[in-house]
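Hello,

Here is the structure I promised to pass on to you. Have a look at it first, and then read on for what I found.

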Amino acid sequence: MSSSFADVVPSDHVWFAPVRSLLHTTLLSSWLQHRPPAAVFCLQASTTAGQALRSFARTGISSCPVFDGKAYQGFVDCFDILRALLCLVDIRSLTEENKEYKLRAAGLQLEHQPLSSLNISQDGALMYKADLQSTLHDVVLYGFLQPDSAGCLRVVHRVGIFEAEDDGSNEDDEDVAQCQPDSLQGISISSIVSQSDLASFLHRHAQQLGPLADASLAQL
C-alpha cells in the first residue's frame, strides 16, 4: 500500500523533488507541440479599455500583449482595468445611495480611455524563440520570477514566446534575446505560457508527483 502525504513528513526538498524532476525533463518546445494550437490575441495601445474588456469577454481570456504599432508595451489584464476604474472613484465617498451612480459614471469615463493611458502592471515576461530548448523548470525560474528595479524578485503570471519579424536588419538571435522588453520592436508573440498552464500540466501528470499529489492546500 502506498503512503499518503499525511503518512510522511519529509523535508521540502523531498516533497517537491518529483515536481522539479518533471519540470527539468520537459522541454518547452515539447510541451508546446503537445498543446492544442491557439492564436495569440494582441491589442494595440490605442484600443480603449471598453474595447479591451469586450475583446476579453468575446475570446474568453483575461490578459493579452499590448503593442504600440510594432513596439511591445507589456501585458494588460482585467486587474489593470479594474485598478484604473477604482482610481477614478473616491471609495470613501461611496454610500448605498450614490455608489451605483458613481461607479457607472467612472465606468463610462474609463470605457473611452486608451490602454496607453493605463498603468499596465507588466504582469508578464518574454522568452525568445531560441529558448524553446529550455525546460519548464527554466520557465518557472527565469520567466515567472522577474527582477524589479530594486533587484528583488517579483512573480509574473505569464510568459510570451516571441520571435523577431524580418525587417532586413543584421541582428542575430543573441542580439534580439538580450534586448530589454521595453525596447523590443518588430516582434511577434507566437505562444503564451501561464502559471495556469503549468498547473494543468502538473495535474495531468499527478501520478508522477508522488505523495505531493495527495497534499491539501493547507499542507502545501
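Let me start with a contact between side chains: D197 and R35 meet in a salt bridge, with 3.2 Å from N to O. This pair ties together distant parts of the chain, since D197 sits in helix α8 (residues 195-204) and R35 in the loop between α2 (28-33) and β1, 162 residues apart. D197 has a relative accessibility of 23% and therefore counts as partly exposed. R35 is partly exposed as well, at 25%. Please keep in mind throughout that this is a predicted model.

**The chain as a whole**

The protein chain has eight helices and eight strands. Of its 220 residues, 34% are buried. Its accessible surface comes to about 13500 Å², and carbon and sulfur atoms account for 54% of that. If you take the contacts between residues at least 6 apart in sequence, 69% of them join residues at least 24 apart.

**Around β7**

Strand β7 (residues 158-164) is a good place to look next. It is mostly covered, with five of its seven residues buried. With strand β4 (residues 125-128), β7 pairs in the parallel sense over four bridges. With strand β8 (residues 187-194), β7 pairs in the antiparallel sense, here over seven bridges. In that second pairing, R158 stands opposite S194 of β8.

R158 also takes part in a salt bridge with D123, at 3.5 Å from N to O. The two come from distant parts of the chain: R158 belongs to strand β7, while D123 lies in the loop between α5 (99-111) and β4, 35 residues away. Are these two residues buried or exposed? Both R158 and D123 are buried. Salt bridges with shared partners also bring in D77, so that D77, D123 and R158 form one network.

On the β4 side, the bridge partner of Y128 in β7 is F162. Y128 is buried, with a relative accessibility of 5%, and F162 is buried too, at 3%. The ring centres of Y128 and F162 are 5.1 Å apart and the planes stand at 45°, so this pair is tilted. In sequence the two are 34 residues apart, with Y128 in strand β4 and F162 in strand β7.

Close by in the sequence is S134, in the loop between β4 and α6 (136-144). S134 has a relative accessibility of 14%, so it counts as buried. Leaving aside residues up to four places away in sequence, S134 touches T26, L27, L28 and M127.

**The three-stranded sheet**

An open sheet is built from three strands in the order β1-β2-β3, with mixed pairing. β1 (43-44) and β3 (71-77) are at the edges; each has a single partner strand, so one side of each lacks a neighbour in the sheet. β1 and strand β2 (residues 63-68) run parallel and are joined by two bridges. One of the facing pairs is L43 with V66, its bridge partner in β2.

**More aromatic rings**

How many aromatic pairs are there in the model? The count is three. One of them is Y72 with F75, an edge-to-face pair with 6.4 Å centre to centre and 75° between the planes. Y72 is buried at 3% relative accessibility, and F75 is buried at 1%. Ring pairs link both of these residues with F67 into a cluster.

**At the surface**

F79, L82, L86 and I91 form a nonpolar patch on the surface, and together they have about 380 Å² of accessible area. F79 lies in helix α4 (residues 78-87). The cut-off for exposed is over 50% relative accessible area, and F79 counts as exposed because its value is 55%.

Finally, back to charged pairs: the total is eight salt bridges. Besides those described above, there is one between D90 and R92, whose closest N and O atoms are 3.8 Å apart. D90 is partly exposed at 41% relative accessibility, whereas R92 is exposed at 79%.

I hope you enjoy exploring the model.

Best wishes

Definitions and conventions
Residues numbered from 1 in each chain as written. Predicted model: local features only at pLDDT ≥ 70, side-chain atom pairs only at ≥ 80, totals over all residues. Heavy atoms only, no water. Buried < 20%, exposed > 50% of the residue type's maximum accessible area, 1.4 Å probe, protein only. Pairing = 2+ DSSP bridges. Contact = heavy atoms within 4.5 Å. Patch = residues over 30% accessible without salt bridge, like charges linked within 9 Å, V, L, I, M, F, W, Y side chains within 5 Å. Areas by Shrake-Rupley, 256 points an atom, 1.4 Å probe, with all protein chains shown as cover. Salt bridge = Lys/Arg side-chain N within 4 Å of Asp/Glu carboxyl O. Phe/Tyr/Trp six-rings, centres within 6.5 Å; stacked < 30°, edge-to-face > 60°.
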